[in-house]
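Q: Please take a close look at one helix of this chain, covering its ends, its buried face and what surrounds it. Please then place it in the context of the whole fold.

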Amino acid sequence: MHASHKIIGAQIQENMDQMLVSSWFHLHSSVPLSYVQPPESRPGTAIVASGKTIPVVDLGVHDHVEVLGQILRASEQYGFFQVINHGVCNELIEDTINVLKEFHGMPAEEKMRESSKDPNGSCKLYSSREINNKDAIQFWRDTLRHLCPPSRQFIHFWPQKPSTYREVVERYTEEMRKLGVKILEVLCEGLGLDREYCNGGLSESPLLLTHHYPPCPEPSLTLGAPKHRDPTLLTILLQEKDINALQVFKDGEWIGVEPIPNAFVVNIGLLLQIISNGRLIGAEHRVVTNCERARTTVAYFIRPTNETIIEPAKALTTLHPPIYKSITYSDFLTIFMTKGPDIEPQLLLP
């Protein structure tokens, strides 16, 4: 190898070691100060409801009216539900989790090389330090993200290692697209809209986020993800088995979302809250850490194209005036990135 290539490689390794939590977590017996949450945000001081859980919807039930009612009620009351008997085969679910765990287990330099092929950043590996102010409080996770439209437009930028990555993840995202369409059509029907209202531009730019949360020496002091709502139409999440970490905020309490084998967690995004004119809830949620095991999750974000207008559906504003402004998705994201949890007042009509 040429000497300059060695220097560049060493610099990449040094930068990645500083950036990715998975590169240095094992060197610390305590949480670095930059990852310690303020007392009011620490999971060790929060109330977690015992015995409460989010609804579970069986999509295999043949009574369409019953399934529609369950999904609509869960979306109005919780903004979250889990789906079982959804039609995605268990083998593909296992393969997807395994290939993404394998990716996050690779050396930092190799992960960086495999996820930085597009100079425009359609595929990227980062920690919260990459997207937050360097002086802001950081979160205990690494994230791989890439666009995954059905056109396969960006697939040549996806990782090629592990060797089965592209094949498995392409099959998985296609199944998520089908499942997302099914759930959105049910929700639109329940709201009184055309079943295909959310098709087209409103859902043409899906994004896959894989979060990897290494073991944490002091879980009571930090978070894997802060209290937030998703900037999506809908999010479909695959959790690892046997690790409780996702929590939903409802009625002043945190409710743990216990993983159900081969189920998916579905949550309403802020965009669907706007489209429904506030009828559906883009619920706040967060992720806690643990000191024993790493955790990997796969989130499929159903999102619009940047130029798509987000606004309350006209059919829903005849009896109830719109409460949200009309806004392009690009402008929405700009506000979301600057305001974070405080975004909603910026979206309301005066």
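A: Just after helix H3, Gly79 adopts a positive phi of about 75°. The model under discussion is predicted, and this glycine offers a convenient point from which to examine the helix that precedes it.

Helix H3 covers residues 64-77, 14 residues in total. From its first C-alpha to its last it reaches 20 Å, close to the 20 Å expected at 1.5 Å a residue. At its N-terminal end, H3 is capped by Asp63. A side-chain oxygen of Asp63 lies 3.2 Å from the backbone nitrogen of Val65.

The buried residues of H3 are Val67, Leu68, Gly69, Ile71, Leu72, Ala74 and Ser75. A general property of helices helps in reading such a list: an α-helix has 3.6 residues a turn, so residues three or four places apart point the same way. The cover over the buried residues of H3 includes strand E2 (56-58) and strand E3 (80-84). It also includes helix H7 and strand E11 (264-268).

Of these covering elements, H7 can be described further. Helix H7 comprises 27 residues, 165-191. At 1.5 Å a residue H7 should span 39 Å, and its end C-alpha atoms are 38 Å apart, so the two values agree. As with H3, a glycine with positive phi is found after the helix: H7 is followed by Gly192, with phi near 90°, while Gly79 comes just after H3.

Turning to the whole chain, its secondary structure amounts to 10 helices and 15 strands. The C-alpha atoms fill a box of roughly 70 × 45 × 40 Å along the principal axes. A compact globule of 350 residues would have a radius of gyration near 20 Å; the chain has 20 Å and therefore agrees with that expectation. Buried residues account for 50% of the 350 residues. Among contacts between residues at least 6 apart in sequence, 77% join residues at least 24 apart. The chain exposes about 16,000 Å², of which carbon and sulfur atoms supply 52%.

A loop residue provides a further example of burial. Thr289 lies in the loop between strand E12 (285-287) and strand E13 (295-302). Thr289 counts as buried because its relative accessibility is 11%, and the cut-off for burial is under 20%. Leaving aside residues up to four places away in sequence, Thr289 touches Trp140, Cys216, Pro219, Thr222, Leu223 and Gly224.

Conventions
Residues are numbered from 1 along each chain as its sequence is written. This is a predicted model: local features need pLDDT of at least 70, side-chain atom pairs count only at pLDDT 80 or more; totals for chains, interfaces and linings use all residues. Side-chain values use heavy atoms; hydrogens and water are left out. Helices (H or I, at least four residues) and strands (E, at least two) are DSSP runs, numbered from the N terminus. The expected span of a helix is 1.5 Å times one less than its number of residues. Buried means under 20% relative accessible area, exposed over 50%, partly exposed in between (1.4 Å probe, protein chains only). Contact means heavy atoms within 4.5 Å. A polar contact is a pair of N or O atoms within 3.5 Å; within protein, one must be able to donate a hydrogen and the other to accept it, and residues adjacent in sequence count only if both atoms are side-chain atoms. The radius of gyration is taken over C-alpha atoms; the globule rule is 2.2 Å times the number of residues to the power 0.38. Accessible areas come from the Shrake-Rupley method with a 1.4 Å probe; for residues, only the protein chains shown count as cover.
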